[in-house]
Amino acid sequence: MAWIQPGSPNLADFFTFATNQGIPTALIPLPVLTVTNGGSGYTSAPSVTIASPAVGTAMTATATVSGGQVTALTPVYPGSNYASPPALTIAAPTSGTQATGVVTSLASQYPASALNQSMAITIDNHGPGPSIVGELTSYARACYNLGLHLLLAFAQDTSPSTFFATQRQAFGMNQFRPGVVMASGDQSTSQTFMIPEFFQDISMEGLEATKTPWGRQWLAYQQMYGRTVWGVS
């Protein structure tokens with residue numbers, strides 16, 4: 001699936017990132033939108049308007065037209081903080097019958113929560129700026145990597161799935177880690193593992209992030225902007 005807005009973190013692209021990294025789509029579903037009446041007389045795809053939640057961001061979607069009728073509704077942005085499926089309106093054709101549709105089910109709220117927390121934590125010293133051609137900005141990549149780490153940390157399984165619980169156990173997440181090895185000598189080889197200087201002031205949050213590839217990648221992006229990205233003087 002193509003990126004919706006490569007230069008700035010958004011929920012639709014985070015879904016794409018998460019599923020590309022191996023999170024089963026069924027465990028973090030997008031909304032399901034259903035056409036209840038295809039209408040008639042459409043010569044191009046009409047706009048789709050979805051009501052906003054009381055607090056949060058509105059869902060967005062596009063319509064597909066075939067044979068003068070709306071045949072499908074595709075979610076683009078899943079929205080956040082909906083308590084119940086919102087009202088959906090399909091624009092009327094210039095001449096003909098207006099199509100109708102409904103939001104059948106909502107998206108999982110775990111990805112939205114994980115991305116929002118990631119964006120609140122991730123420091124953007126340079127501003128999102130324009131995206132590199134064909135690539136995401138480093139800020140967006142950092143947000144998506146931390147977002148996936150956080151998603152694995154707290155997303156709950158729906159029985160009979162144990163996907164998230166299994167991942168947490170495999171990565172040793174949410175288990176106490178007081179620090180990293182300062183030095184370890186091997187008698188036969190005299191090899192020593194030394195702690196890098198930047199670990200001296202790492203937070204508990206940073207230590208937890210080292211447990212997954214995505215958390216470590218987030219730390220790598222943050223380190224590009226210096227020690228102060230961790231709030232260390």
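This passage walks through the fold, the nonpolar cores, the aromatic pairs and a few individual residues of a predicted model.

Starting with the overall layout, the protein chain holds six helices and six strands. Their order is easy to remember: reading along the sequence gives α-β-β-β-β-β-β-α-α-α-α-α, with the run of strands sitting between α1 and α2. The chain has 233 residues, and 39% of them count as buried. About 12200 Å² of the protein chain is exposed, with 55% of that area coming from carbon and sulfur atoms. As for how the chain packs against itself, take the contacts between residues at least 6 apart in sequence: 64% of these join residues at least 24 apart.

Nonpolar side chains tend to be buried together in soluble globular proteins. In this model, the largest nonpolar core counts 33 residues, and F14, I23, L148 and F164 are the ones with the most contacts inside it. Five helices, α1, α2, α3, α4 and α6, each give two or more residues to this core. The top contributor is α3, which supplies 11 residues. A second core, of 14 residues, lies apart from the largest one and includes L33, A63, L88 and I90.

Back in the largest core, I23 is a handy place to look around. Leaving out residues up to four places away in sequence, I23 touches A18, I28, L148, L152, F163 and F164. Two of the names in that list, L148 and F164, are also among the residues with the most contacts inside the core. F164 itself is buried, at a relative accessible area of 1%. Another residue that meets F164 is L151, found in helix α3. L151 has 0% relative accessibility and so counts as buried. With the same sequence neighbours left out, L151 touches I28, Y110, P111, A114 and F164. For L151 and F164, the C-alpha atoms are 8.6 Å apart, with the two positions 13 residues apart in sequence numbering.

Now for the rings. A pair of aromatic rings is described by the distance of the centres and the angle of the planes. The model has five aromatic pairs. In one of them, the ring centres of Y110 and F154 are 6.3 Å apart and the planes stand at 55°, so the pair is classed as tilted. This pair links distant parts of the chain, since Y110 belongs to helix α2 and F154 to helix α3, 44 residues apart. Both partners are partly exposed: Y110 has a relative accessible area of 32%, and F154 has one of 25%. F163 and F164 make an edge-to-face pair, because their centres are 5.3 Å apart and their planes meet at 85°. Beyond simple pairs, F14, F17 and Y144 form one aromatic cluster.

Helix α6, spanning residues 213-223, is worth a look of its own. Its buried residues are W214, G215, W218, L219, Y221 and Q222. These residues cover an arc of only 160° around the axis, which puts them on the same side of α6. The cover over them includes α1 (11-20), α2 (109-121), α3 (138-154), α4 (163-171) and α5 (204-209).

One residue that meets this buried side is T122, in the loop between α2 and α3. At 5% relative accessibility, T122 counts as buried. Its side chain makes a polar contact of 2.9 Å with the side chain of W218. Once residues up to four places away in sequence are set aside, T122 touches Y139, A142, C143, L146, W218 and Q222. W218 and Q222 both appear among the buried residues of α6.

Two further spots round out the picture. Most peptide bonds are trans. The bond joining S159 and P160, however, is cis, with omega at about 10°. P160 lies in the loop between α3 and α4. In helix α4 itself sits A170, which counts as exposed at 62% relative accessibility. The C-alpha atoms of A170 and T212 are separated by 9.6 Å, although the two residues are 42 residues apart along the chain.

How values were computed
Residues are numbered from 1 along each chain as its sequence is written. This is a predicted model: local features need pLDDT of at least 70, side-chain atom pairs count only at pLDDT 80 or more; totals for chains, interfaces and linings use all residues. Side-chain values use heavy atoms; hydrogens and water are left out. Buried means under 20% relative accessible area, exposed over 50%, partly exposed in between (1.4 Å probe, protein chains only). Helices (H or I, at least four residues) and strands (E, at least two) are DSSP runs, numbered from the N terminus. The arc is that of the directions from the helix axis to the C-beta atoms. Contact means heavy atoms within 4.5 Å. Accessible areas come from the Shrake-Rupley method with a 1.4 Å probe; for residues, only the protein chains shown count as cover. Rings of Phe, Tyr and Trp (its six-membered ring) pair if their centres lie within 6.5 Å; planes under 30 degrees apart count as stacked, over 60 as edge-to-face and the rest as tilted. A polar contact is a pair of N or O atoms within 3.5 Å; within protein, one must be able to donate a hydrogen and the other to accept it, and residues adjacent in sequence count only if both atoms are side-chain atoms. A nonpolar core is a set of buried Ala, Val, Leu, Ile, Met, Phe, Trp, Tyr and Cys residues joined through side-chain atoms within 4.5 Å.
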